[in-house]
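This briefing covers the charged pairs, the cysteine links and two backbone features of one protein chain. Please keep the sequence and the model open while reading.

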Amino acid sequence: LHSQWLLLMVLTLVLSTITDSKENTKEPRGKKKGRTKSKDFIPEEDYERSIQDMVRQLKNSSELVGNKCEVNLRLWLSNRRSLSPWSYRINHDEHRIPMDVPEAQCLCSGCINPFTMQEDRTMSSIPIYTKIPVKRLLCDTTSASQKTKRKKKKCHREYKTVMENVAIGCTCIF
């Protein structure tokens, strides 16, 4: 159980680090891009492997998946100890690399009242999102002449890196 919690924390850290490093790598025009070593850089293979590891754990663990709106203080998993508990599901898309991405799903409409441990619908549970880099199968239509030819579209299909929103947890709002 502790290793699953640790993996969730590492994945969140990896995702935020990659997102931050992508935003901070924009260089001014005219400057030559050089390869620099950064201690925050995580190789693409390691990133994809960590997502695959989490998906594998989701498939093998019933504690990360569930459908009851309740807090379980015996578990050390933050998703079950939260006042806005969530479970994980696998977001599958065949036109994306990685095809399977773990995603949080709120278990309550409201939030758990810490005094009664019952759902309180005067508040709402909402997902928390972050952007992660994925490779998506896109159609590259760079030719200007294709705009005039509407009958037949020629498409060069290739994978391109895009940022995708993924729910990583849930929180309470009034």
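Is Cys 170 buried or exposed? Cys 170 is buried, at a relative accessible area of 5%; buried means under 20% relative accessible area, exposed over 50%, and partly exposed in between, with a 1.4 Å probe and protein chains only. The model is predicted: local features need pLDDT of at least 70, side-chain atom pairs count only at pLDDT 80 or more, and totals for chains, interfaces and linings use all residues. Residues are numbered from 1 along each chain as its sequence is written, and side-chain values use heavy atoms, with hydrogens and water left out.

**Disulfides**

- A disulfide is a covalent bond between the sulfur atoms of two cysteines. The rule used here takes a pair of cysteine sulfur atoms within 2.5 Å, and it gives a count of 3 disulfides.
- Cys 170 is bonded to Cys 106, with 2.1 Å between the sulfur atoms. The torsion about this S-S bond is -105°, and the link is left-handed.
- Cys 106 belongs to strand β3 and Cys 170 to strand β7, so the disulfide ties together parts 64 residues apart in sequence. Helices (H or I, at least four residues) and strands (E, at least two) are DSSP runs, numbered from the N terminus.
- Cys 106 is partly exposed at 23% relative accessibility, whereas its partner Cys 170 is buried at 5%.
- Cys 111 and Cys 172 form another disulfide, with the sulfur atoms 2.1 Å apart. The torsion about their S-S bond is about -135°, so this disulfide is left-handed.
- This pair links distant parts of the chain, with Cys 111 in strand β4 and Cys 172 in strand β7, 61 residues apart.
- Cys 111 is buried, with a relative accessible area of 0%, while Cys 172 is partly exposed at 28%.
- Cys 69 is joined to Cys 108 by a disulfide with an S to S distance of 1.9 Å. The torsion here is about 105°, so the disulfide is right-handed.
- Both ends of that link are in loops: Cys 69 in the one between α2 and α3 (78–81), Cys 108 in the one between β3 (100–106) and β4 (111–112). The two cysteines are 39 residues apart, and the pair links distant parts of the chain.
- Cys 69 is partly exposed at 25% relative accessible area, and Cys 108 is buried at 7%.

**Salt bridges in helix α2**

- Side chains of opposite charge can pair when their charged atoms come close. A salt bridge is counted for a side-chain nitrogen of Lys or Arg within 4 Å of a carboxyl oxygen of Asp or Glu, and the count comes to 7 salt bridges.
- Asp 46 and Arg 49 form one of these, at 2.9 Å from N to O. They are 3 residues apart in helix α2 (residues 44–60), which means a separation of about one helical turn.
- Both side chains of this pair belong to partly exposed residues: Asp 46 has a relative accessible area of 34%, and Arg 49 has 44%.
- Asp 53 and Arg 56 form a salt bridge as well, with their closest N and O atoms 2.5 Å apart. Both lie in helix α2, 3 residues apart, or about one turn of the helix.
- Asp 53 is partly exposed at 28% relative accessibility, and Arg 56 is partly exposed at 45%.

**A buried salt bridge between strands**

- Glu 164 pairs with Arg 96 in a salt bridge, the closest N and O atoms being 2.7 Å apart.
- The pair links distant parts of the chain: Glu 164 is in strand β7 (residues 156–173) and Arg 96 is in strand β2 (residues 96–97), 68 residues apart.
- Glu 164 is buried at 14% relative accessible area, and Arg 96 is buried at 1%.
- Asp 93, Arg 96, Arg 136 and Glu 164 are joined into one network by salt bridges that share partners.

**Backbone features**

- The peptide bond from Ile 97 to Pro 98 is cis, with omega near 0°. Pro 98 is located in the loop between β2 and β3.
- Met 117 is not a glycine, yet it has a positive phi of about 60°.
- Met 117 sits in the loop between β4 and β5 (119–120) and is partly exposed at 35% relative accessibility.
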